[in-house]
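User: I have a fresh model open and want a quick walk through it. Can we go piece by piece?

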Amino acid sequence: MANFNLDKYISEDSRYGVNVREALLNKFERWLLGNTTQLAERVFAVTGPFGIGKTWFLRYIEASATTKTNLGSALPKNYTAMYIGWREAFDERTTRPAFINQTKRAIETAAPPLCLCVDNIPGRNGASENLNAFEEVLFGSLEGGAFLVLAQEHPQYRGWSHKVPAIGTEPYVLGEFTPDAVMALGGDQSFHERSLGHPYLTRLLIDHSDDLE
């Protein structure tokens, strides 16, 4: 869902509801004002199955650093954001060590305060030497004052050593679209019924509605 146009998608108020947005905003505010003393206070995790909107959520946070959004407007100061997708380490045009080194250099040259939106955190079967090296880079940035937003499919299992702390409670679970949210996207009740509110399926049905007639 990374290619979704933010303006055509849906506002975070309607998409995710006030709980997730307010929870993120509360953590962001404390971090930006320098009131976070524990590393776990600078980690925010979202979870959910494929197509639920995790990537869109991270891209939205990234965009809010430079674009006027409800989130960006509510924050007390600006921040630098960087989207990092672990799956990009498997691109045929790079190697995992090269990806990790490039990510580390990008983090080191970014202007603080820095928010890292880290996508595609693998499950417990994803542990590897490369993944542990990637975690070390993220942990170093966290120690240096960065804020981490993590997206993972399973609410508990991550395929690294858990050196990067969890948020202390269950990660926030992203949910399905409501009928009103589907209509805000340009669909109707039938689109909601056919997709069962699943965001990715809803978007596909709306985008290709002419092909279904």
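User: How many bridges join E2 to E3?
Analyst: Six, and the two strands run parallel. Strands count as paired if DSSP finds at least two bridges between them. Helices (H or I, at least four residues) and strands (E, at least two) are DSSP runs, numbered from the N terminus.

User: Which residue in E3 is the bridge partner of Ala-81?
Analyst: Cys-115. The chain goes from E2 through H4 to E3, a right-handed β-α-β crossover. Right-handed means that, with the strands pointing away from the viewer, the path from the first strand over the helix to the second runs clockwise.

User: What am I looking at, source-wise?
Analyst: This is a predicted model; local features need pLDDT of at least 70, side-chain atom pairs count only at pLDDT 80 or more, and totals for chains, interfaces and linings use all residues. Residues are numbered from 1 along each chain as its sequence is written, and side-chain values use heavy atoms, with hydrogens and water left out.

User: Back to H4. Which of its residues are buried?
Analyst: Phe-99, Ile-100, Thr-103 and Ile-107. They sit on the same side of H4, because they cover an arc of only 95° around the axis. That arc is taken from the directions from the helix axis to the C-beta atoms. Buried is under 20% relative accessible area, exposed over 50%, partly exposed in between (1.4 Å probe, protein chains only).

User: And which residues are exposed on the other side of H4?
Analyst: Glu-108 and Thr-109.

User: What covers the buried residues of H4?
Analyst: The cover includes strand E2 (80-85), strand E3 (114-121) and helix H5 (129-143). Contact here means heavy atoms within 4.5 Å.

User: New topic. How many salt bridges does the structure hold?
Analyst: Four. The criterion is a side-chain nitrogen of Lys or Arg within 4 Å of a carboxyl oxygen of Asp or Glu. One of them joins Glu-41 and Arg-30, at 3.1 Å, N to O. Glu-41 is in the loop between helix H1 (12-32) and strand E1 (43-47), and Arg-30 is in helix H1, so the pair ties together parts eleven residues apart in sequence.

User: Where do Glu-62 and Arg-59 lie?
Analyst: Both are in helix H2 (residues 54-63), three residues apart, about one turn of the helix. Their side chains also meet in a salt bridge, 3.1 Å, N to O.

User: Is Arg-93 buried or exposed?
Analyst: Exposed, with a relative accessible area of 73%. Arg-93 forms a salt bridge with Asp-91, closest N and O atoms 2.9 Å apart. Asp-91 is partly exposed, at 26% relative accessibility.
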